[in-house]
Amino acid sequence: MIDFYLNGKRRQCTDVSPDTSVLELLRTQLGHTGTKEGCASGDCGACTVAIGEPDDNGELRYHNANACITPAHQLHGCHLVTVEGLSRGDALHPAQAAMVECHGSQCGFCTPGIVMSLFTLHEAQRRHPAPLTQESLEAALGGNLCRCTGYRPIRDAALSMGTYPDTHPTWADDPDLAINVAKLRESASTTPELAAQGHFTAPRDLATLRELKRQRPHARLVAGATDLWLEATQQLKVLDDLIDVRQVAELNAIEETPQGWWIGAAVTYSRLEPLLEAHYPAFAHLMHRFASSQIRNRGTLGGNVANASPIGDTPPVLLALDARLSLDGPDGERELPLAEFFLDYKKTALKDNEFIRAIFLPRLADGQNLKVWKLSKRREDDISAVLAAFAWRLEDGVMRDVHLAFGGMAAIPRRASRAEQALEGQPPSVAAFDAAKRALHDEFQPMTDVRGAAEYRQVTASNMLERLRLILVAASNKNSHAEVTLDAYAH
């Protein structure tokens, strides 16, 4: 049974199959059809809803999410808000009123999702008032596509909704709503839910997860589901045996050590962003172009690694930083360098009954530099054609500890070891980088697909090395004010 609140009212849904999405639950079982299905892959944002979860202070914090790829069972102990739940009778919520006044809707199909993203932005602004910047608007709305309006009216609505009366929904008047939602979450069972077509299990601790993996080694693990759920929506596969790790306490911890941080595998990107902002600015900058706020609110670092996609955005950065993994299971815990985890396309060193417990992110060493560049067709909410992550030190004019990692250049994300050797101990000269480019060409044979031809990938990867050289040359010339690139996301 899924026990949750929907627009302020408690709902209990029984006999829900493990692979039912929030969108399916809303439209087919609950009759809430305001939420639309667009792409069914988390790209367009038409299905965006707001999910409220209790924070450490017992207050509900709302984040936007793609209903099409969010498991319905993950609503247990949450407050789900849809576009039907925003107005107060005939009085519109500021997000709705601003969209009407600014003519932000034309065909209207994408509008409910846009309104829900504006609602979560309005909630965030209400709790922590701050000027809206171009960056914050892009972060809030980058996951909502619209073919009709050209986005200018939507942007105007976002900028102006703070000037409207704070007309809040009637459910917001309930002082006990947050308490009641928290009670549901606390009383959630850790035993398997036997649904119509299989199991959906949500353990709360590491010991229970280990036992479940012992009993059901082939059960699929689900956290954000931002990639796994595409098997259901795009490939029409049945996901009938799932273990949801989002509530496992140990997998949600961020543990600081003198050497770095252990990041629990279920920590979402949104939770991780403050740490990256403080200690890894280049990595944090990548988050501006990592999927959308809907995905970052649900997706996890552990899931991106376990997915083992050759075009995943974070593995190259982790490889450049010499990250390590803590693998766990009923047979015990073991550590493994991330470089030894990826074996072949979608194949990893994980045993059937193992899971990723945490990822170790080493601190940047004194003098260590990190650059991350992503190449994709769209600026926001797109998958990489090529992603490069470079780490190095300059010592007495020569490069040391050179780490060059790429995604999109092979069947797995991996380091360019020969190119690294060509630069190690060398000054950032044209000759050294030419040798590195030749080595790069020899050690990678990228594939051709819809995101780019093999030759295109070879050329762009080589150009990223050239960009690195130009940056190093510009940095060494104190009188130079030359820009290497004017791209809005260069850093």
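**Exercise 1. The contact of α2 with α3**

Identify the residues through which α2 and α3 meet, and describe how the two helices cross.

Solution. Step 1: from α2, the residues Pro94, Ala95, Gln96 and Met99 meet Thr111, Ile114, Val115, Leu118, Phe119 and His122 of α3. This assignment, like all that follow, refers to a predicted model.
Step 2: sorted by class, the contact of α2 with α3 comprises 7 nonpolar and 3 polar residues, and no charged ones.
Step 3: the two axes come within 8 Å and cross at roughly 125°. Angles of 65 to 115 degrees count as roughly perpendicular and those over 145 as roughly antiparallel; α2 and α3 are therefore oblique to each other.
Step 4: the crossing in which α2 passes α3 is right-handed.

**Exercise 2. The contact of α3 with α4, and the place of α5**

Determine how helix α3 is oriented to helix α4, and state which helices the buried residues of α5 pack against.

Solution. Step 1: helix α3 (residues 111-127) and helix α4 (residues 134-141) have axes that come within 9 Å and cross at roughly 130°. That angle makes α3 oblique to α4.
Step 2: α3 passes α4 in a right-handed crossing.
Step 3: on the α3 side the participants are Ile114, Ser117, Leu118 and Leu121, and they meet Leu137, Ala140 and Leu141 of α4. The residues of this contact divide into 6 nonpolar, 1 polar and no charged.
Step 4: in helix α5 (residues 152-160), Pro153, Ile154, Ala157, Ala158 and Ser160 are the buried residues. The buried residues of α5 pack against α2 (94-101), α3 and α4.

**Exercise 3. The mixed sheet**

Give the strand order of the open sheet with mixed pairing, and explain why one side of β2 and one side of β4 are left without a neighbour in the sheet.

Solution. Step 1: the sheet has 5 strands in the order β2-β1-β5-β3-β4, and its pairing is mixed.
Step 2: β2 (9-13) and β4 (60-66) are the edge strands; each has a single partner strand, so one side of each has no neighbour in the sheet. On average, neighbouring strands are turned by 35° against each other, direction ignored.
Step 3: at one edge, strand β1 (residues 2-6) pairs with β2 in the antiparallel sense over 5 bridges. Aspartate 3 has glutamine 12 in β2 as its bridge partner.
Step 4: at the other edge, β3 and β4 form an antiparallel pair over 7 bridges. The bridge partner of glycine 52 is tyrosine 62 in β4. The hairpin of β3 and β4 has 5 residues between the strands, and glycine 58 there takes a positive phi near 80°.
Step 5: β3 is also joined to strand β5 (residues 79-81), antiparallel, by 3 bridges. Within this pair, alanine 50 stands opposite valine 81 in β5.
Step 6: strand β3 (residues 48-54) is mostly covered, with 6 of its 7 residues buried.

**Exercise 4. The antiparallel sheet and its helices**

Establish the order and the edges of the open sheet with antiparallel pairing, then locate the helices α7 and α9 relative to its strands.

Solution. Step 1: the 5 strands follow the order β10-β11-β16-β12-β13. β10 (254-257) and β13 (334-337) are the edge strands, each pairing on one side only. Neighbouring strands are turned by 25° against each other on average, direction ignored.
Step 2: β10 pairs with strand β11 (residues 260-264) in the antiparallel sense over 4 bridges, and glutamate 256 has tryptophan 261 in β11 as its bridge partner.
Step 3: helix α7 (residues 206-215) packs on the sheet and touches β12 (324-328) and β16 (355-362), its direction making about 130° with that of β16.
Step 4: helix α9 (residues 269-279) lies across β10, β11 and β16 and runs at about 165° to β11.

**Exercise 5. Arginine 185**

Is arginine 185 buried or exposed, and which residues are in contact with arginine 185 when its neighbours within four places in sequence are left aside?

Solution. Step 1: arginine 185 lies in helix α6 (residues 177-186).
Step 2: buried means under 20% relative accessible area; arginine 185 has 16% and is therefore buried.
Step 3: with neighbours within four places left aside, the contacts of arginine 185 are Glu53, Pro54, His76, Gly77, Cys78, Arg204 and Gln247.
Step 4: arginine 363 is 178 residues from arginine 185 in sequence, and the C-alpha to C-alpha distance is 35 Å.

How values were computed. Residues numbered from 1 in each chain as written. Predicted model: local features only at pLDDT ≥ 70, side-chain atom pairs only at ≥ 80, totals over all residues. Heavy atoms only, no water. Buried < 20%, exposed > 50% of the residue type's maximum accessible area, 1.4 Å probe, protein only. Contact = heavy atoms within 4.5 Å. Axes fitted to C-alpha atoms, helices over the stretch in contact; angles between N-to-C directions. Parallel < 35°, antiparallel > 145°, perpendicular 65-115°, else oblique. Left-handed = near helix turned anticlockwise from the far one by under 90°. Nonpolar A, V, L, I, M, F, W, Y, C, P; charged D, E, K, R; others polar. Pairing = 2+ DSSP bridges.
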